[in-house]
Amino acid sequence: MFAGHRIPYDSNIRVAGSELVTVGDAIQSFDYQLEAKINEFTSAIFFCAGAHLASPALSLEKTIEIAAKYSVPVIVDAAAQLPPVSNLWRFTHELGADLAIFSGGKALRGPQSSGLVVGRKALIEGIRVNAAPYPRLGRGFKASKEEIAGLLTAIELYLKRDHEADWQRWSKVVDSWVEVLTNKSSCVIWRDDVNEAGQPTPRVAIQLKEPTALDVIAKLQRLDPIVEVVHDSRRMIWISPDSLQPGEEEVVPTQILKALPY
Ligand SMILES: *Cc1c(COP(=O)(O)O)cnc(C)c1O
(Lines give C-alpha, C1' and ligand atoms only; values in the text may rest on other atoms or scores of the structure.)
Protein backbone atom coordinates (compact mmCIF):
# COMPACT_ATOMS: atom_id res chain seq x y z
CA MET A 1 0.00 0.00 0.00
CA PHE A 2 1.05 3.63 -0.48
CA ALA A 3 2.65 5.21 2.59
CA GLY A 4 0.17 8.07 2.21
CA HIS A 5 -2.65 5.54 2.59
CA ARG A 6 -1.52 4.24 5.99
CA ILE A 7 -4.57 4.29 8.27
CA PRO A 8 -5.29 2.91 11.76
CA TYR A 9 -7.25 0.02 10.22
CA ASP A 10 -4.39 -1.33 8.14
CA SER A 11 -3.18 -3.52 11.05
CA ASN A 12 -5.86 -5.93 9.82
CA ILE A 13 -3.72 -6.67 6.79
CA ARG A 14 -1.17 -8.19 9.16
CA VAL A 15 -3.86 -9.93 11.20
CA ALA A 16 -4.73 -11.83 8.01
CA GLY A 17 -1.13 -13.09 7.87
CA SER A 18 0.19 -10.76 5.19
CA GLU A 19 3.26 -8.60 5.37
CA LEU A 20 2.58 -4.93 4.80
CA VAL A 21 4.94 -3.27 2.32
CA THR A 22 4.69 0.49 1.80
CA VAL A 23 5.35 2.42 -1.40
CA GLY A 24 6.41 6.08 -1.60
CA ASP A 25 6.17 8.43 1.37
CA ALA A 26 3.74 10.82 3.03
CA ILE A 27 4.23 13.42 0.31
CA GLN A 28 4.57 11.59 -3.00
CA SER A 29 4.82 8.28 -4.89
CA PHE A 30 6.04 7.39 -8.37
CA ASP A 31 5.07 4.52 -10.64
CA TYR A 32 8.62 3.09 -10.63
CA GLN A 33 8.44 2.89 -6.82
CA LEU A 34 5.30 0.77 -7.00
CA GLU A 35 6.77 -1.46 -9.72
CA ALA A 36 9.99 -1.94 -7.71
CA LYS A 37 8.03 -3.29 -4.72
CA ILE A 38 6.03 -5.86 -6.68
CA ASN A 39 7.54 -9.37 -6.63
CA GLU A 40 6.48 -13.02 -6.54
CA PHE A 41 5.34 -12.63 -2.90
CA THR A 42 2.94 -9.77 -3.68
CA SER A 43 -0.59 -10.97 -3.00
CA ALA A 44 -2.42 -7.69 -3.60
CA ILE A 45 -2.19 -3.91 -3.69
CA PHE A 46 -4.33 -2.37 -0.96
CA PHE A 47 -5.63 1.05 -2.04
CA CYS A 48 -7.44 3.46 0.32
CA ALA A 49 -9.92 5.49 -1.69
CA GLY A 50 -10.86 9.06 -0.84
CA ALA A 51 -9.94 12.54 -2.00
CA HIS A 52 -8.54 13.26 1.50
CA LEU A 53 -5.83 10.60 0.93
CA ALA A 54 -5.22 11.24 -2.76
CA SER A 55 -2.20 13.49 -3.02
CA PRO A 56 0.69 11.27 -1.78
CA ALA A 57 -0.43 8.19 -3.77
CA LEU A 58 -0.71 7.30 -7.44
CA SER A 59 -4.26 7.53 -8.80
CA LEU A 60 -6.38 4.40 -8.58
CA GLU A 61 -6.46 4.29 -12.39
CA LYS A 62 -2.64 4.30 -12.61
CA THR A 63 -2.38 1.75 -9.78
CA ILE A 64 -4.77 -0.61 -11.57
CA GLU A 65 -2.84 -0.20 -14.80
CA ILE A 66 0.47 -1.15 -13.13
CA ALA A 67 -1.13 -4.00 -11.13
CA ALA A 68 -2.57 -5.48 -14.33
CA LYS A 69 0.90 -5.59 -15.87
CA TYR A 70 2.00 -7.92 -13.05
CA SER A 71 -1.37 -9.70 -12.57
CA VAL A 72 -1.65 -8.44 -8.98
CA PRO A 73 -5.18 -7.80 -7.67
CA VAL A 74 -6.13 -4.33 -6.42
CA ILE A 75 -8.27 -4.19 -3.27
CA VAL A 76 -9.95 -0.83 -2.62
CA ASP A 77 -10.75 0.20 0.94
CA ALA A 78 -13.90 2.19 0.26
CA ALA A 79 -15.26 1.93 3.81
CA ALA A 80 -16.38 5.56 3.98
CA GLN A 81 -16.77 6.24 0.24
CA LEU A 82 -20.57 6.46 0.24
CA PRO A 83 -22.21 8.69 -0.92
CA PRO A 84 -22.27 8.78 -3.90
CA VAL A 85 -24.20 5.52 -4.28
CA SER A 86 -22.48 4.98 -7.65
CA ASN A 87 -19.24 4.13 -5.81
CA LEU A 88 -20.80 0.74 -5.05
CA TRP A 89 -19.94 -0.24 -8.64
CA ARG A 90 -17.53 2.50 -9.77
CA PHE A 91 -14.28 1.09 -8.29
CA THR A 92 -14.83 -2.43 -9.62
CA HIS A 93 -17.06 -2.19 -12.74
CA GLU A 94 -15.93 1.18 -14.05
CA LEU A 95 -12.30 1.46 -12.92
CA GLY A 96 -11.41 -2.24 -12.88
CA ALA A 97 -10.32 -2.82 -9.28
CA ASP A 98 -10.61 -6.48 -8.25
CA LEU A 99 -12.37 -5.90 -4.92
CA ALA A 100 -13.95 -2.96 -3.11
CA ILE A 101 -14.83 -3.01 0.59
CA PHE A 102 -17.56 -0.87 2.17
CA SER A 103 -18.43 -0.42 5.82
CA GLY A 104 -21.91 -1.71 6.63
CA GLY A 105 -22.28 0.65 9.56
CA LYS A 106 -21.41 4.00 7.98
CA ALA A 107 -23.51 5.54 5.19
CA LEU A 108 -25.24 2.21 4.53
CA ARG A 109 -26.66 2.39 8.08
CA GLY A 110 -26.58 -1.37 8.42
CA PRO A 111 -25.34 -3.38 11.40
CA GLN A 112 -22.24 -1.69 12.82
CA SER A 113 -20.28 -4.95 12.74
CA SER A 114 -20.99 -5.68 9.08
CA GLY A 115 -19.18 -4.91 5.85
CA LEU A 116 -19.68 -5.47 2.15
CA VAL A 117 -17.09 -6.74 -0.32
CA VAL A 118 -17.88 -6.53 -4.03
CA GLY A 119 -15.83 -7.58 -7.04
CA ARG A 120 -14.25 -10.48 -8.87
CA LYS A 121 -16.04 -13.73 -8.29
CA ALA A 122 -12.97 -15.92 -7.68
CA LEU A 123 -11.74 -13.57 -4.94
CA ILE A 124 -15.19 -13.36 -3.34
CA GLU A 125 -15.18 -17.16 -3.27
CA GLY A 126 -11.80 -16.97 -1.54
CA ILE A 127 -13.33 -14.74 1.13
CA ARG A 128 -16.33 -17.02 1.42
CA VAL A 129 -14.25 -20.11 2.24
CA ASN A 130 -12.52 -18.17 4.99
CA ALA A 131 -15.84 -17.11 6.55
CA ALA A 132 -18.36 -19.00 8.69
CA PRO A 133 -19.61 -21.72 8.49
CA TYR A 134 -15.99 -22.77 7.85
CA PRO A 135 -13.60 -22.75 10.80
CA ARG A 136 -10.92 -20.60 9.12
CA LEU A 137 -9.56 -17.04 9.41
CA GLY A 138 -12.94 -15.31 9.31
CA ARG A 139 -14.44 -17.45 12.05
CA GLY A 140 -13.19 -15.03 14.67
CA PHE A 141 -15.06 -12.21 12.91
CA LYS A 142 -18.15 -14.22 12.09
CA ALA A 143 -21.09 -12.29 10.67
CA SER A 144 -24.31 -13.63 12.17
CA LYS A 145 -27.34 -14.46 10.05
CA GLU A 146 -29.08 -11.49 11.66
CA GLU A 147 -26.23 -9.18 10.59
CA ILE A 148 -26.21 -10.56 7.05
CA ALA A 149 -29.97 -10.04 6.74
CA GLY A 150 -29.60 -6.58 8.29
CA LEU A 151 -26.87 -5.53 5.88
CA LEU A 152 -28.75 -6.87 2.86
CA THR A 153 -31.82 -4.87 3.93
CA ALA A 154 -29.65 -1.79 4.50
CA ILE A 155 -28.18 -2.07 0.99
CA GLU A 156 -31.62 -2.46 -0.57
CA LEU A 157 -32.89 0.59 1.34
CA TYR A 158 -29.78 2.60 0.45
CA LEU A 159 -30.20 1.85 -3.27
CA LYS A 160 -33.83 2.99 -3.06
CA ARG A 161 -33.12 6.22 -1.17
CA ASP A 162 -33.66 9.58 -2.83
CA HIS A 163 -30.02 10.70 -2.54
CA GLU A 164 -30.76 14.10 -4.02
CA ALA A 165 -33.41 14.70 -1.35
CA ASP A 166 -30.87 13.66 1.33
CA TRP A 167 -28.45 16.25 -0.03
CA GLN A 168 -31.12 18.97 -0.02
CA ARG A 169 -32.15 18.15 3.56
CA TRP A 170 -28.55 18.10 4.86
CA SER A 171 -27.83 21.25 2.92
CA LYS A 172 -30.67 23.14 4.62
CA VAL A 173 -29.58 21.97 8.08
CA VAL A 174 -25.98 23.00 7.43
CA ASP A 175 -27.04 26.47 6.22
CA SER A 176 -29.16 26.92 9.35
CA TRP A 177 -26.21 25.90 11.57
CA VAL A 178 -23.94 28.39 9.84
CA GLU A 179 -26.51 31.09 10.50
CA VAL A 180 -26.84 30.26 14.22
CA LEU A 181 -23.10 29.94 14.85
CA THR A 182 -21.73 32.64 12.62
CA ASN A 183 -21.64 35.47 15.17
CA LYS A 184 -19.53 33.69 17.78
CA SER A 185 -16.32 35.64 18.17
CA SER A 186 -14.25 32.66 19.40
CA CYS A 187 -14.30 31.04 15.98
CA VAL A 188 -14.69 31.32 12.24
CA ILE A 189 -17.47 29.23 10.66
CA TRP A 190 -17.94 28.03 7.12
CA ARG A 191 -19.78 25.41 5.12
CA ASP A 192 -17.80 22.48 3.69
CA ASP A 193 -19.39 20.48 0.88
CA VAL A 194 -17.30 17.37 1.58
CA ASN A 195 -17.04 15.26 4.73
CA GLU A 196 -13.93 13.89 6.48
CA ALA A 197 -13.62 11.05 3.96
CA GLY A 198 -13.75 13.47 1.01
CA GLN A 199 -17.31 12.47 0.17
CA PRO A 200 -20.17 14.75 -0.92
CA THR A 201 -21.91 15.23 2.42
CA PRO A 202 -22.16 18.87 3.56
CA ARG A 203 -21.03 19.87 7.06
CA VAL A 204 -20.02 22.92 9.08
CA ALA A 205 -16.37 23.67 9.79
CA ILE A 206 -15.64 25.55 13.02
CA GLN A 207 -12.15 27.00 13.26
CA LEU A 208 -11.35 28.18 16.77
CA LYS A 209 -9.17 31.26 17.18
CA GLU A 210 -7.24 29.54 20.00
CA PRO A 211 -5.98 25.92 19.88
CA THR A 212 -8.73 24.78 22.24
CA ALA A 213 -10.54 22.12 20.19
CA LEU A 214 -9.89 19.44 22.84
CA ASP A 215 -11.33 21.68 25.60
CA VAL A 216 -14.48 22.22 23.54
CA ILE A 217 -14.78 18.46 22.98
CA ALA A 218 -14.39 17.83 26.73
CA LYS A 219 -17.20 20.33 27.41
CA LEU A 220 -19.46 18.75 24.76
CA GLN A 221 -18.94 15.38 26.47
CA ARG A 222 -20.25 16.76 29.77
CA LEU A 223 -23.47 18.15 28.28
CA ASP A 224 -26.74 16.26 28.00
CA PRO A 225 -27.34 15.22 25.29
CA ILE A 226 -23.73 14.73 24.16
CA VAL A 227 -22.94 15.92 20.65
CA GLU A 228 -20.19 13.93 18.93
CA VAL A 229 -18.08 15.86 16.43
CA VAL A 230 -15.14 15.29 14.13
CA HIS A 231 -12.13 17.31 15.28
CA ASP A 232 -8.39 17.68 15.14
CA SER A 233 -6.20 18.23 18.18
CA ARG A 234 -5.81 21.97 17.65
CA ARG A 235 -8.38 24.35 16.23
CA MET A 236 -10.82 22.45 14.03
CA ILE A 237 -14.24 20.99 14.78
CA TRP A 238 -16.75 19.78 12.19
CA ILE A 239 -20.44 19.04 12.66
CA SER A 240 -22.39 16.85 10.24
CA PRO A 241 -26.12 16.42 9.72
CA ASP A 242 -26.28 13.05 7.96
CA SER A 243 -26.86 10.73 10.93
CA LEU A 244 -29.43 12.88 12.74
CA GLN A 245 -33.05 11.94 13.31
CA PRO A 246 -35.65 14.63 12.42
CA GLY A 247 -35.68 17.28 15.18
CA GLU A 248 -32.15 16.55 16.41
CA GLU A 249 -30.70 19.23 14.14
CA GLU A 250 -31.82 21.87 16.70
CA VAL A 251 -29.86 20.25 19.53
CA VAL A 252 -26.50 20.36 17.78
CA PRO A 253 -25.89 24.14 17.54
CA THR A 254 -27.46 24.64 21.01
CA GLN A 255 -24.84 22.37 22.59
CA ILE A 256 -22.03 23.78 20.44
CA LEU A 257 -22.92 27.31 21.60
CA LYS A 258 -22.70 26.17 25.24
CA ALA A 259 -19.30 24.54 24.65
CA LEU A 260 -17.61 27.35 22.73
CA PRO A 261 -15.41 29.53 24.95
CA TYR A 262 -16.98 32.96 24.08
C1 LIG B 1 -14.23 3.30 8.79
C2 LIG B 1 -13.11 2.80 7.98
C3 LIG B 1 -12.70 1.47 8.08
C4 LIG B 1 -13.33 0.50 9.05
O5 LIG B 1 -14.62 0.18 8.66
P6 LIG B 1 -15.62 -0.45 9.76
O7 LIG B 1 -16.76 -0.92 8.97
O8 LIG B 1 -15.93 0.67 10.69
O9 LIG B 1 -14.88 -1.54 10.44
C10 LIG B 1 -11.68 1.04 7.28
N11 LIG B 1 -11.08 1.89 6.42
C12 LIG B 1 -11.43 3.17 6.30
C13 LIG B 1 -10.72 4.04 5.30
C14 LIG B 1 -12.46 3.69 7.07
O15 LIG B 1 -12.83 4.96 6.94
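What follows is a chat between a colleague and a modeller about a predicted protein model and its ligand.

Colleague: What should I know about the model before we start?

Modeller: It is predicted, so local features need pLDDT of at least 70 and side-chain atom pairs count only at pLDDT 80 or more, while totals for chains, interfaces and linings use all residues. Residues are numbered from 1 along each chain as its sequence is written, and side-chain values use heavy atoms, with hydrogens and water left out.

Colleague: How many helices and strands does the protein have?

Modeller: There are 9 helices and 8 strands. Those are DSSP runs numbered from the N terminus: H or I over at least four residues for a helix, E over at least two for a strand.

Colleague: What makes a residue count as surrounding the ligand?

Modeller: One of its heavy atoms has to lie within 4 Å of the ligand. I7, Y9, D77, A79, A80, S103 and K106 make up that surrounding set.

Colleague: How do you know that D77, S103 and K106 make polar contacts with the ligand?

Modeller: A polar contact is a pair of N or O atoms within 3.5 Å; within protein, one must be able to donate a hydrogen and the other to accept it, and residues adjacent in sequence count only if both atoms are side-chain atoms. The D77 side chain has an N or O atom 2.6 Å from a ligand nitrogen. For S103, a polar side-chain atom sits 2.6 Å from a ligand oxygen, and for K106 the side-chain N or O atom is 2.7 Å from a ligand oxygen. As for cover, the ligand taken alone exposes 380 Å², and the protein buries 70% of that.

Colleague: Why is R203 called buried?

Modeller: Buried means under 20% relative accessible area, exposed over 50%, and partly exposed in between (1.4 Å probe, protein chains only). R203 comes in at 6%, so it counts as buried. You'll find R203 in strand 6 (residues 203-208), and its side chain reaches the backbone oxygen of V194 at 2.9 Å.

Colleague: And what makes E179 exposed, and R109 partly exposed?

Modeller: E179, in helix 7 (residues 163-181), has 65% relative accessibility, so it counts as exposed. R109 has 46%, so it is partly exposed.

Colleague: How do you know that the length of helix 6 agrees with what is expected?

Modeller: The expected span is 1.5 Å times one less than the number of residues. For the 16 residues of helix 6 (residues 145-160) that should be 22 Å, and the end C-alpha atoms are 23 Å apart, so the two agree.

Colleague: Which residues of helix 6 are buried, and why do we say they line one face?

Modeller: The buried ones are L151, A154, I155 and Y158. Seen down the axis of helix 6, they fall within an arc of 100 degrees, so they line one face. The arc is taken from the directions from the helix axis to the C-beta atoms. Turned away from that side are the exposed residues K145, E146, L157 and K160.

Colleague: What makes S71 and R109 worth pointing out in terms of phi?

Modeller: Phi is positive in both, though neither is glycine: near 55 degrees for S71 and near 60 degrees for R109. Most residues other than glycine have a negative phi, and most peptide bonds are trans.

Colleague: Where are the cis peptide bonds you have listed?

Modeller: One joins P83 and P84, with omega about 5 degrees. Another joins A132 and P133, with omega about 15 degrees. P133 sits in the loop between helix 5 (121-128) and helix 6.

Methods: Accessible areas come from the Shrake-Rupley method with a 1.4 Å probe; for residues, only the protein chains shown count as cover.
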